[in-house]
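Colleague: I am new to this structure. Please pick one part of it and take me through that part closely, along with whatever lies around it.

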Amino acid sequence: MSDSRIVVLYGSLRADAMSRRIAEAAAAAAPAGVDVVVYDGLGEVPFYNEDIDVADGLDPAAAALREAVAAADAVLLVTPEYNGTIPAVLKNAIDWLSRPFGAGALAGRHVAVISASPSPNGAAWAQADTAKAVGVARGVVHDDLGLTVGKTIEKFGAEHPREHAEFADELRAVINGLVAASRRELLPVR
């Protein structure tokens, strides 16, 4: 049984995407007592539409996403950068988690964002846009815990990010920071 639960959402649907591999590395780097769950299924969530966001007929994939985040103590988002911004699949997840506005599953939840790219900027624009969207959704973004991982091809080569000792230490620091933040109660929404 774990003391803390962190759900990881990643912003790519490709099976071997770097964002998915980083999410897996985060789960592998979790210290004892921390359950880091990589959430698969964002590709099943329909595009947000208020007409289908109804209690008596909510799409099962959207409901499962909301339940997973609501059951977590904190959220880790891992994003690549598509055309200089956040991928649609991750933005869509944030949209679903932001509703009902002010009381969605992200409201008051502690969140860190990791961005990654083969480019030197490490998807920093996507990270900023992701943090902005989460903040508007009333999530508590811990910018001090975020990572931008640039030059991923050079950094990891053929190895999985979980095999990179220095990166595992960085991930553990992010996870420990989220755990420390979440040990305080959910912050009130303003």
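Modeller: What follows is a close look at helix 4 and its surroundings.

First, the ground rules. This is a predicted model, in which local features need pLDDT of at least 70 and side-chain atom pairs count only at pLDDT 80 or more, while totals for chains, interfaces and linings use all residues. Residues are numbered from 1 along each chain as its sequence is written, and side-chain values use heavy atoms, with hydrogens and water left out.

Helix 4 covers residues 124–136. The name follows the DSSP runs: helices are H or I with at least four residues, strands are E with at least two, and both are numbered from the N terminus. Check the length of helix 4 first. At 1.5 Å a residue, its 13 residues should span 18 Å. The C-alpha atoms at its ends are 18 Å apart, so the two values agree. The expected span is 1.5 Å times one less than the number of residues.

Next, the inward side. Ala126, Gln127, Thr130, Ala131, Ala133 and Val134 are the buried residues of helix 4. They cover an arc of only 165 degrees around the axis, so they sit on the same side of helix 4. That arc is taken from the directions from the helix axis to the C-beta atoms. Buried here means under 20% relative accessible area, exposed means over 50%, and partly exposed lies in between (1.4 Å probe, protein chains only). Now turn helix 4 around. The face turned away from the buried side carries the exposed residues Trp125, Lys132 and Val136.

What covers the buried residues of helix 4? The cover includes strand 3, helix 3 (88–97) and strand 4 (110–116). Strand 5 (140–141) and strand 6 (147–149) are also included.

Two residues of helix 4 show this cover in detail. Take threonine 130, which is found in helix 4. Threonine 130 is buried, at a relative accessible area of 0%. Its contacts (heavy atoms within 4.5 Å) leave out residues up to four places away in sequence. Threonine 130 touches Leu77, Thr79, Ile86, Leu90, Ile94 and Val113.

Now glutamine 127, also found in helix 4. Glutamine 127 is buried, with a relative accessible area of 15%. Residues up to four places away in sequence aside, glutamine 127 touches Thr79, Val113, Ile114, Ser115, Gly146, Leu147 and Thr148. What does its side chain reach at 2.8 Å? The partner is the backbone oxygen of valine 113. This is a polar contact: a pair of N or O atoms within 3.5 Å, where within protein one must be able to donate a hydrogen and the other to accept it, and residues adjacent in sequence count only if both atoms are side-chain atoms.

Then look back from strand 4. Valine 111 is found in strand 4 and is buried, with a relative accessible area of 0%. Leaving aside neighbours within four places in sequence, valine 111 is in contact with Val134 of the helix. Other contacts of valine 111 include Val75, Leu77, Val140 and Leu178. Leu178 is among the buried residues of helix 6. Helix 6 spans residues 165–183.

Strand 3, part of the cover, leads further on. Strand 3 (residues 74–79) runs parallel to strand 1, and five bridges join them. Two strands pair if DSSP finds at least two bridges between them. Across this pairing, isoleucine 6 stands opposite alanine 74 in strand 3. Six of the seven residues of strand 1 (residues 4–10) are buried, so strand 1 is largely enclosed by the rest of the structure.

Finally, the ends of helix 4. Most residues other than glycine have a negative phi, and most peptide bonds are trans. Alanine 123 lies in the loop between strand 4 and helix 4. Phi of alanine 123 is near 60 degrees, a positive value in a residue other than glycine. At 0% relative accessibility, alanine 123 counts as buried. Just after helix 4, arginine 138 takes a positive phi of about 75 degrees. Arginine 138 is found in the loop between helix 4 and strand 5. Is arginine 138 buried or partly exposed? At 28% relative accessibility, arginine 138 counts as partly exposed.

One more loop deserves a glance. Proline 100 is found between helix 3 and strand 4. The peptide bond from arginine 99 to proline 100 is cis, with omega near -5 degrees.
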